[in-house]
Amino acid sequence: MGIISKVTKNIEGKAHYYKFPVWYEYTVGVAGEIFAKNLKEQGLLTGAKCPCCGKVYLPPRVYCEECFEEIKEFLALEPVGVVETYCEVYEDIDGNRFDKPKVVAFVRIDGSCGGLFGFIEGGVQMGDKVKAQLVEKRKRTGTVSDIVCFKKVG
Amino acid sequence: MKPDNVRGKNLDKKGFEEATRVKYDLNAEYAYDMGYAVSRYLMGLKEGKIVGIKCHKCGRILVPPRAFCEQCYVPIDDFVELSARGRVNTFSISYVKWDASRIEKPEIPAVIELEGASPGVGILHVLGEVDPKDVHVGMEVEAVFKEEKDRKGEITDILYFRPVK
């Protein structure tokens, strides 16, 4: 027998509702600012090339994580790449159901060893070539939300 | 300390405002079921009373009320009304709020042992109408309730405890 079942008094129950005011603002950093500028003004992505091993990081870094070498060379890259892997999602972050599932993919950007996550419009397979669809230039903020989705090309 | 070869930079207020930023608002929402013992306590506060609970086995009077005595491990439901007066058991003078922002006028959270409750049993609240310099352990205090129409059955129905004049 549970401990509460011995309690016979009739008491109105109460619940406490609360929303924590939790938010953050992330500053994109030295390399992130170059990425933001290229995306906003030219609609291009930015990679960072290590002078020592030649690896191209995307998103860009100011240091190579393998050589510990400082990176000063930034390359503008076309927002095209290859679908590395993808996943169908049925709920948003708060558990609300979508009308139809969304496809989220990791796209490896051509000319770099890195890539970006983004929504896919239209069906894709792993290995398909895709191109980023950007929001209008005047509405861009320089963050990854400027990329509306990726669409299959060719 | 920042090593010399690191190219990252500290941002002042202006630098922060000019920087590209990503803002995110987390949906950190919850509902907490109070259970019957704390529900009774909160309803008591709405009536302007502080309600405790008595263990029929060891006789201790506990506040805030709970569903069982943690020493005897028996279910309990003998609610008793306690006095709104008590003594400061311990306190702190805090110049930071819960979100770590600084405040000029300190808040004084304190544990108050209410008259009628067993020794060492106390509730956590804040002190008011008092100079922080005058606060001491053992100080006699009394609860100041909100006006009846404003009380909602929450712990904040007690505004604060103030020294007994």
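**Close-up 1. Accessibility of Lys55(A) and its salt bridge with Glu66(A) in the predicted model.** Lys55(A) has a relative accessibility of 23% and therefore counts as partly exposed, since the buried class ends under 20%. Its partner Glu66(A) reaches 53% and so counts as exposed, the cut-off for that class being over 50%. The two side chains form a salt bridge with an N to O distance of 2.8 Å. This pair links distant parts of the chain, eleven residues apart. Lys55(A) sits in the loop between β3 (45-49) and β4 (56-57) of chain A, and Glu66(A) in the loop between β4 and β5 (73-77).

**Close-up 2. Salt bridge between Arg97(A) and Glu91(A).** The N to O distance between these side chains is 3.6 Å. Arg97(A) is exposed, at 58% relative accessibility. Glu91(A) is partly exposed, with a relative accessible area of 39%.

**Close-up 3. Salt bridge between Glu70(B) and Arg66(B).** The side chains meet at 3.3 Å, N to O. Glu70(B) has a relative accessible area of 43% and is partly exposed. Arg66(B) also counts as partly exposed, at 25% relative accessibility.

**Close-up 4. A salt-bridge network in chain B.** Glu129(B), Glu142(B), Arg162(B) and Lys165(B) are joined into one network by salt bridges that share partners. Over all chains, a search of the whole structure finds 20 salt bridges.

Definitions and conventions:
Residues numbered from 1 in each chain as written. Chains lettered and ligands numbered in written order. Predicted model: local features only at pLDDT ≥ 70, side-chain atom pairs only at ≥ 80, totals over all residues. Heavy atoms only, no water. Salt bridge = Lys/Arg side-chain N within 4 Å of Asp/Glu carboxyl O. Helix = DSSP H or I, 4+ residues; strand = E, 2+ residues; numbered from the N terminus. Buried < 20%, exposed > 50% of the residue type's maximum accessible area, 1.4 Å probe, protein only.
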